[in-house]
Amino acid sequence: MSRHAPDCGPMRRVGVLSAQLCAAEGAAAGGPRGFQEKTKPLDKAEVLALRHRHTSAAQSISYANTDPLMIVRGAGARLYDESGREFLDTRNNVCHVGHAHPRVAKAVSDQVALLNTNTRYLHPNLSLLAQRLAATFPKRSGLEVCFFVNSGSEANDLAMRLAFARTKSRQVVVVDHGYHGHTVQTLEISPYKFDHKGGEGQKRNVHKVPCPDTFRGPHRGPDAGERYAEHVAAACQRAEGGQVAAFIVESGMSVGGVILPPPGYLTRCYEAVRAAGGICVADEVQVGFGRFGEHFWAFEQQGVTPDVVTMGKPFGNGMPLAAVVTTKAVAEAFHNGLEYFNTFGGNPVCCAAGLAMLDVLRDEELQENAAKVGRHLRSSLQSLAARRPLIGDIRGMGLFVGIEFVRDRQTLEPATPETSEVCARMKEEHQILMSIDGPHDNVLVMKPPMCFSVQDADTVVRALDAVLATLKYDASVSDSKVGHTPT
């Protein structure tokens, strides 16, 4: 008996015959048999021209001010361009356990050869992944109900719907410079977007509080956590009717410039929000799944328990897999008669990727690696900062590290153009890919694949030292003459 599906009658035979005829006609005509044949002869200039012609200019290209990269292959913490040049990747946290990890690739390949369909059918992959995911949260947290979606934006969008259903309020407290996604709903709760050029500004139901930045923010002392939390409490009081739907914050703010909440911050924030009837949402899209090293979920660093946790980028190691995990109480309030159906959220192929990613994370001890390498990296960068005054601050945890550049350590004047030069030259001269973030575009952000090694960290520090020793930017020249490096 064949393990393949049985013959389903005349229609199936017609389909097979049609496919065979098309293949034969293509071969007889001497034409290409698939898209793979068409991609081979395209050089970078042609690919760039096609991209400019057929995609929106709103979709940026990394290093567009120098020489855009055409990346065709990845392995571990390395990326390769069309000419075979190797780049050390410090910025792509999407491929959490490494680019093209063979175990994840095999899991995806095996499953896609069997079945990929919607989640109205039972499939073991979804149920097993939900069980595995729920087991990663602290015991007695109540975080056990999973919704699988396709992206972090979808996850945060759904988190807002859960909050609205649970509280019957639409008042949301958000943190300045926060970013939660690109849907209409998530744009409205992302100051990084709504305050940006082209953004629509803050909506009346959204209450923005200061970013808990202890380097250049208003509160920098040992009581910074409590002082920043006071702003959240005040926002809850300003909310319409004193009722809040949700407080959402990234457990580690990436586009904000690698901002970790100061001690006690989330404890006080959660107390104020819950007193106002709201639920607390931990956005772990950038920093979840062991990136902090000491903790599997970054919110654990604050000793709190959220009502909703969202995750995205790393979950499927490059496959479109994300999730919302919440309590039964919140989930039951959402079950109000209106079905929630996400056609391919939690499909068998992406769930296979998620299961394999979790296996690799455990078996290769990558959370432990993040802790070890992160400590070594931050220590090495601190030593470098003692010799390079342009480095104003080193911060982060595990493999989530920020390097902030300033022209003056007293005034904290941002070294924005210098940061752009450093980033561009790290790529051009040392084949190291980094990203720029922060409200002043003066923070190099490192979020590498979790297989990033001590040797990789040393390579980055040596290269950074060499670039800073030969910085070409002249502060007496107008900043407008220095091109920004988009990453």
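Leu42, Val47 and Leu50 together make a nonpolar surface patch of about 180 Å², where a patch joins nonpolar side chains (Val, Leu, Ile, Met, Phe, Trp, Tyr) within 5 Å, taken from residues with over 30% relative accessible area and no salt bridge. The areas come from the Shrake-Rupley method with a 1.4 Å probe, and for residues only the protein chains shown count as cover. The model is a predicted one, in which local features need pLDDT of at least 70 and side-chain atom pairs count only at pLDDT 80 or more, while totals for chains, interfaces and linings use all residues. Residues are numbered from 1 along each chain as its sequence is written, and side-chain values use heavy atoms, with hydrogens and water left out.

Within this patch, Leu50 belongs to helix α3, residues 44–54; helices (H or I, at least four residues) and strands (E, at least two) are DSSP runs numbered from the N terminus. Leu50 counts as partly exposed because its relative accessibility is 34%, given that buried means under 20%, exposed over 50% and partly exposed in between. Helix α3 also holds Ala45, which is exposed because its relative accessible area is 55%. The C-alpha atom of Ala45 is separated by 36 Å from that of Asn116, a residue 71 positions apart from Ala45 along the chain.

From the surface the account turns to the salt bridges, each defined as a side-chain nitrogen of Lys or Arg within 4 Å of a carboxyl oxygen of Asp or Glu. The structure holds 28 of them. In one, the side chains of Asp456 and Arg78 meet at 3.0 Å, N to O; this pair links distant parts of the chain, with Asp456 in helix α15 (residues 454–469) and Arg78 in strand β2 (residues 78–81), 378 residues apart. Asp456 counts as buried because its relative accessibility is 7%, whereas Arg78, with a relative accessible area of 23%, is partly exposed. Another salt bridge brings together the side chains of Lys208 and Asp176, at 4.0 Å from N to O. Lys208 lies in strand β6 (residues 206–209) and Asp176 in the loop between β5 (172–175) and α7 (184–188), so this pair ties together parts that are 32 residues apart in sequence. Arg103, Arg132, Asp359, Arg362 and Asp363, in turn, are linked in a network of salt bridges.

A further pair, Glu404 and Arg395, has its closest N and O atoms 2.7 Å apart in a salt bridge, and both residues are buried. Glu404 and Arg395 also help to line the largest cavity, together with Asp213, Arg216, Gly256, Pro439 and His440 among others. On a 1 Å grid over the protein atoms alone, a cavity is a set of points where a 1.4 Å probe fits but cannot get out, and lining residues have an atom within 4 Å of a point. About 40 Å³ of space lies in this cavity, and a search of the whole structure finds one cavity of 30 Å³ or more. Its lining divides into two nonpolar, four polar and four charged residues.

The second largest pocket holds about 320 Å³ of space, a pocket being an open set of grid points with protein on both sides within 12 Å along at least five of seven lines. Its lining includes Thr119, Leu126, Cys146, Phe147, Phe148 and Tyr340. Both α5 (124–134) and β4 (145–149) supply at least two lining residues, and β4 gives the most, with three.

Definitions and conventions: Patches are made of residues with over 30% relative accessible area and no salt bridge: like charges are joined within 9 Å, nonpolar side chains (Val, Leu, Ile, Met, Phe, Trp, Tyr) within 5 Å. Buried means under 20% relative accessible area, exposed over 50%, partly exposed in between (1.4 Å probe, protein chains only). Grid points are joined across faces, edges and corners, and a volume is the space filled by probe spheres set on the points. Ala, Val, Leu, Ile, Met, Phe, Trp, Tyr, Cys and Pro count as nonpolar, Asp, Glu, Lys and Arg as charged, and the others, Gly among them, as polar.
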